[in-house]
Amino acid sequence: MALCLKKRLPENNFYTEFNNTIRSFKTLLCFGLSQSSKKIWSLWGYMYNSPKKSHAERILLQTVESFFSENPAEAIKQYTLAIYISFSPCSKCCDSLIDFMRLHNRIHLDVRISKLYFPQNSLNQEGLKRLRLSGVSLRMMDRDDFSECFYLFVNQQKLFIPWCDLENETKKYSAALCYILNQVLVLEICYSHTYFFLGQWESSSKLGESR
DNA sequence: ATTTTCAAT
């Protein structure tokens with residue numbers, strides 16, 4: 001049950017885990033791995049975390065790793081790994097994703113998140129910042145993303161039915177994510193200004209000395 | 001050691 005490859009996701013599972021107004025105690029992850037130049041997935045599926053053992057991201061990375069080790073010719077091509085995940089990765093999983101990307105530097109990660117996982121936890125915040133700074137596309141899922149995820153992984157014949165307050169929650173979560181990610185920028189700007197002013201100060205004091 | 005939303009009842 002933890003991992004399902006090349007199988008459609010049951011509709012109920014999609015709605016209960018991706019609904020961003022409902023609390024859940026597990027994580028659902030849908031993914032599609034494709035050559036960046038093509039639209040067809042080489043590998044796709046969905047997975048849950050295995051309770052008390054591994055987060056969903058770990059299972060994903062193991063799955064993708066084994067795909068590339070079984071198909072070594074593919075490992076040299078440009079790939080995109082699209083991820084739709086009900087909870088944002090914790091700090092450790094962020095690092096695992098970053099390590100994975102460094103190992104396979106031809107894979108671009110596109111991560112879409114339904115709900116933030118302990119967003120007040122500073123370690124998780126730092127993890128998300130590192131992920132973004134490593135070049136991963138990272139955003140909260142909006143109505144179109146849920147609809148797309150439903151179309152791709154659940155049912156192409158049926159229409160996605162948005163739940164109540166979907167847009168509100170997306171707004172709140174997006175604002176929170178934006179705040180978390182911007183903390184980096186604010187810090188960096190502060191630092192660069194500090195260095196800038198220090199530089200000014202140093203050079204002006206040297207000028208003063210020479211006079 | 002710091003939460004309880006990647007459970008346990």
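This is a short talk on a predicted model of a protein chain with DNA, covering the fold, the DNA surface, the aromatic pairs and a few single residues.

I'll start with the chain. Chain A has 6 helices and 6 strands. Going along the sequence, the order is β-α-β-β-α-β-α-β-α-β-α-α. There are 211 residues in chain A, and 44% of them are buried. As for contacts, take those in chain A with a separation of 6 or more: 75% of them come from residues 24 or more positions apart.

Next, the DNA. Which residues come nearest to DNA strand B? They are R23, P51, K52, F87 and Y117, out of 18 residues around the strand. By type, the surface near strand B is made of 8 nonpolar, 6 polar and 4 charged residues. On the DNA side, sugar or phosphate supplies 48% of the strand B atoms within 4 Å of the protein, and bases supply the rest.

Three polar approaches to the strand can be pointed out. The side chain of N49 has an N or O atom 2.7 Å from a sugar or linking oxygen of DNA strand B. F25 uses its backbone: a polar backbone atom there is 3.2 Å from a sugar or linking oxygen of strand B. T27 goes to a base, with an N or O atom of its side chain 3.1 Å from a base nitrogen of strand B.

Two of the residues that come nearest to the DNA, F87 and Y117, bring me to the aromatic rings. Over the whole structure there are 19 aromatic pairs. F87 and Y117 make one of them, edge-to-face, with 5.6 Å between centres and 65 degrees between the planes. Why does this pair tie together separate parts of the chain? F87 is in strand 4, residues 79-87, while Y117 is in the loop between strand 5 (107-115) and helix 4 (122-133), so the pair joins parts 30 residues apart in sequence. F87 is buried because its relative accessibility of 13% is under 20%. Y117, at 28%, is partly exposed.

Now to another pair, F146 and F160. This one is stacked, at 6.4 Å centre to centre and 25 degrees between the planes. F146 belongs to helix 5, residues 143-153, and F160 to the loop between helix 5 and helix 6 (166-210), so here the parts tied together are 14 residues apart in sequence. F146 is buried, with a relative accessible area of 0%, and F160 is buried too, at 10%. Both rings belong to a cluster linked by ring pairs, whose members are F14, Y15, F18, F146, F150, F160 and W163.

Rings also meet charges in this model. K115 has its charged end over the ring of F87, 4.7 Å from the ring centre. The charged end of K26 sits over the ring of Y48, at 5.5 Å from the centre.

F87 and K115 come up again at S24. Where is S24 found? It is in the loop between helix 1 (11-18) and strand 2 (28-35). Is S24 buried or exposed? S24 is buried, with a relative accessible area of 16%. Setting aside neighbours within four places in sequence, S24 is in contact with E17, F87 and K115. With E17 there is a polar contact between the side chains, at 2.6 Å. A polar atom of the S24 side chain also lies 3.2 Å from the backbone nitrogen of K26. K26 is the lysine whose charged end sits over Y48.

Last, two backbone angles to look at. Which residues have a positive phi without being glycine? F118 has a phi of about 40 degrees, and D165 has one near 70 degrees. F118 lies in the loop between strand 5 and helix 4, which is also the loop that holds Y117. D165 is in the loop between helix 5 and helix 6, where F160 is also found. D165 is partly exposed, with 42% relative accessibility.

To go back over the main picture: F87 is among the residues that come nearest to DNA strand B. F87 also pairs edge-to-face with Y117, lies under the charged end of K115 and is in contact with S24.

How values were computed:
Residues numbered from 1 in each chain as written. Chains lettered and ligands numbered in written order. Predicted model: local features only at pLDDT ≥ 70, side-chain atom pairs only at ≥ 80, totals over all residues. Heavy atoms only, no water. Near = heavy atom within 4 Å. Polar contact = N/O pair within 3.5 Å; in protein donor to acceptor, adjacent residues only side chain to side chain. Nonpolar A, V, L, I, M, F, W, Y, C, P; charged D, E, K, R; others polar. Phe/Tyr/Trp six-rings, centres within 6.5 Å; stacked < 30°, edge-to-face > 60°. Helix = DSSP H or I, 4+ residues; strand = E, 2+ residues; numbered from the N terminus. Buried < 20%, exposed > 50% of the residue type's maximum accessible area, 1.4 Å probe, protein only. Lys NZ or Arg CZ within 6 Å of the ring centre and 35° of its normal. Contact = heavy atoms within 4.5 Å.
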